[in-house]
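I open this entry to record what I looked up in the structure below. The topics are the surface, the cysteines and the nonpolar interior.

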Amino acid sequence: MANSMPLDSQEDHLLEEDYYAFLNLNKDATSEDITNAYRRLSRLYHPDKHTDPVQKKNAEVLFNKTKIAYEVLSDPHQRAIYDTLGIKGLQTEGWQIVERTKTPQEIREEYEQLLREKEERRIQQRTNPKGTITIGVNATDLFETYDFDTGFPSIEVSAMSISQSVEAPLDVSETIILNGSLATQNGTGGGNINCSYKKVISDKTWLETGFGAGNGLVLNLKAFRTVSKYCFGTIQTAFHFMGSGVSPGFEMMLARQLARNTAGYMTVKSGSSSSVNTMVAHDTEKYHFTVGIQFGIQRSFFTISYTRKLEDEGRLKGSVKFGVFGAILEYGCQKKISKNSTVGATMVIGVPSGVTLKLKFNRANQTFLFPIMLSEELIPSAVFYGTAAPILGWYILKMLYIDPYNARQKRRETEKMKEVNAQRMAERKKEASIAVSLMQETYRRIKTEEEKKNGLVIKLAVYGSAENISNLNLDQMDSQLDVLDVTVQLQCLVKDSKLILPNRSKSNLPGFYDPCLGEEKLLRVEYLFRNKTHSITISDNEMLRIPRITDS
């Protein structure tokens with residue numbers, strides 16, 4: 001049956017060869033490690049090592065694969081490309097123009113440049129729609145004293161705004177952007193529309209000019225420039241034509257990288273709301289911290305914010321802001337619930353602004369905001385219920401919708417992977433079978449040597465479905481279709497009574513393949529060391545090092 005999946009989707013699900021795992025190496029392996037690993041596998045797979053015509057032909061396939069892996073990893077230039085972009089980077093034409101001294105970031109930028117011709121063919125078919133819908137809710141009656149005889153407390157929609165933008169790329173360097181917005185509050189409102197043209201002049205500069213209409217005509221011009229390796233800035237000017245005259249505006253922002261994970265920003269604005277703002281941001285894999293101060297004619301404040309990044313793609317956020325308007329405390333969380341969806345809730349406690357609960361939902365490029373005004377004053381009950389309600393709502397939503405949805409999505413992704421990689425997995429299974437047949441002589445030799453010196457002997461090793469391996473009945477191994485016997489493969493990797501496997505997927509090791517694509521996998525090893533039996537079970541991407549210190 002023909003595969004009806006779009007080409008881009010197929011590419012996203014295609015499996016790539018892991019050269020490091022195939023050579024049983026860590027990613028930080030030295031040149032000497034790579035050479036030694038290549039020689040070790042060459043002794044197994046070199047066609048000249050086999051006299052049987054069938055074995056010789058089979059060995060040639062695996063020897064060529066070993067040779068390709070060695071050629072990529074032993075060449076610093078190809079290795080840098082592979083480490084940064086994978087095999088798809090090596091297959092991109094034009095790499096001869098890349099200097100060998102390029103950093104991984106520069107390699108990635110060069111790769112993106114080389115893909116522009118392909119992008120040109122698809123650019124006319126794409127737009128980048130972005131939208132935000134904000135619905136303001138007034139729920140202050142919930143926490144105010146009222147008479148039950150007059151009815152239940154009223155909850156009303158007090159404000160609503162809708163904004164939308166669409167990008168129409170002309171080519172890779174020119175884009176037309178159309179955006180507009182409508183807003184209403186307490187029965188009054190308005191809207192505006194803006195059209196702009198963006199031109200990328202070079203990899204360091206772009207310009208954007210546009211005009212808009214709403215409460216009068218607006219003309220604006222914006223420019224971006226990379227000043228140096230660690231510094232960039234933007235300049236923006238606007239002219240607002242109204243019945244009373246022309247109102248000019250100017251804004252300049254300068255940013256500089258202060259350290260590896262730290263950047264400083266300074267923004268100067270002049271016009272109807274002149275101000276000077278400076279901010280320092282420190283961003284790492286685990287947290288994001290900012291501190292800023294602003295001086296303005298109408299609004300001056302000091303702010304500190306901290307965001308903790310969690311391992312399960314969640315975030316905990318907190319910030320404090322105080323100035324001439326009073327003080328505001330914010331705290332909340334954000335959680336990714338699917339590939340393209342995120343939910344979040346934030347409590348905003350202000351003096352004198354009151355208590356507001358902000359709910360946020362992102363789906364792709366669409367954002368839905370629900371600011372719910374709970375109280376115009378600082379009331380403890382509003383703070384408590386505004387904090388507790390989203391937590392309770394999250395667990396109910398997670399149990400009734402998110403977990404079942406993610407389970408269905410995981411099954412669909414697994415089916416997609418199996419469909420796209422069916423032929424490739426059949427080839428890998430055949431390669432694994434060939435590899436095991438070529439390993440038999442080496443397996444017997446190493447096993448005999450280890451038995452003589454009471455060293456490391458692999459009694460049984462199985463790899464595959466985590467669920468089945470956890471409940472594995474060794475007497476029914478043949479009936480477990482998603483569990484692979486890898487005893488021979490691991491014994492051949494034993495050296496000097498030690499076995500070390502890298503912290504990478506074991507499915508790419510010599511003689512291995514993935515028997516349950518898309519599912520969680522385990523590796524279970526039972527072995528003899530100094531005439532004592534030991535057992536260990538690890539996850540697919542966990543490092544294996546046996547014998548363990550306690551075994552001796």
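Which residues form a nonpolar patch on the surface? I note first that the model is predicted. I found the patch to be made up of F211, L217, L219, F239, F241 and V246, which together have about 530 Å² of accessible area. Two elements, β6 (216–228) and β7 (231–242), give two or more residues each to this patch.

I then looked at one member, L219, which lies in strand β6. L219 has a relative accessible area of 36%, and I record L219 as partly exposed because this value falls between the 20% and 50% cut-offs.

Next I turned to the cysteines. I looked for sulfur pairs within 2.5 Å and the count of disulfides came to zero. I checked the exposure of two cysteines: C492 has a relative accessible area of 4% and is buried, and C516, at 3%, also counts as buried.

Last, I went through the interior. In soluble globular proteins, nonpolar side chains tend to be buried together. The largest nonpolar core here holds 28 residues. Within this core, Y19, L23, L25, Y45, L73, Y82 and M439 have the most contacts. At least two core residues come from each of α2 (19–22), α3 (31–45), α4 (53–74), α10 (422–452) and α12 (487–492). I also noted a second, separate core of 24 residues, with Y463, F512, L523 and Y527 among them.

For L25, I listed the contacts beyond its neighbours within four places in sequence: Y20, D33, I34, A37, P502 and R504.

Conventions
Residues are numbered from 1 along each chain as its sequence is written. This is a predicted model: local features need pLDDT of at least 70, side-chain atom pairs count only at pLDDT 80 or more; totals for chains, interfaces and linings use all residues. Side-chain values use heavy atoms; hydrogens and water are left out. Patches are made of residues with over 30% relative accessible area and no salt bridge: like charges are joined within 9 Å, nonpolar side chains (Val, Leu, Ile, Met, Phe, Trp, Tyr) within 5 Å. Accessible areas come from the Shrake-Rupley method with a 1.4 Å probe; for residues, only the protein chains shown count as cover. A salt bridge is a side-chain nitrogen of Lys or Arg within 4 Å of a carboxyl oxygen of Asp or Glu. Helices (H or I, at least four residues) and strands (E, at least two) are DSSP runs, numbered from the N terminus. Buried means under 20% relative accessible area, exposed over 50%, partly exposed in between (1.4 Å probe, protein chains only). A nonpolar core is a set of buried Ala, Val, Leu, Ile, Met, Phe, Trp, Tyr and Cys residues joined through side-chain atoms within 4.5 Å. Contact means heavy atoms within 4.5 Å.
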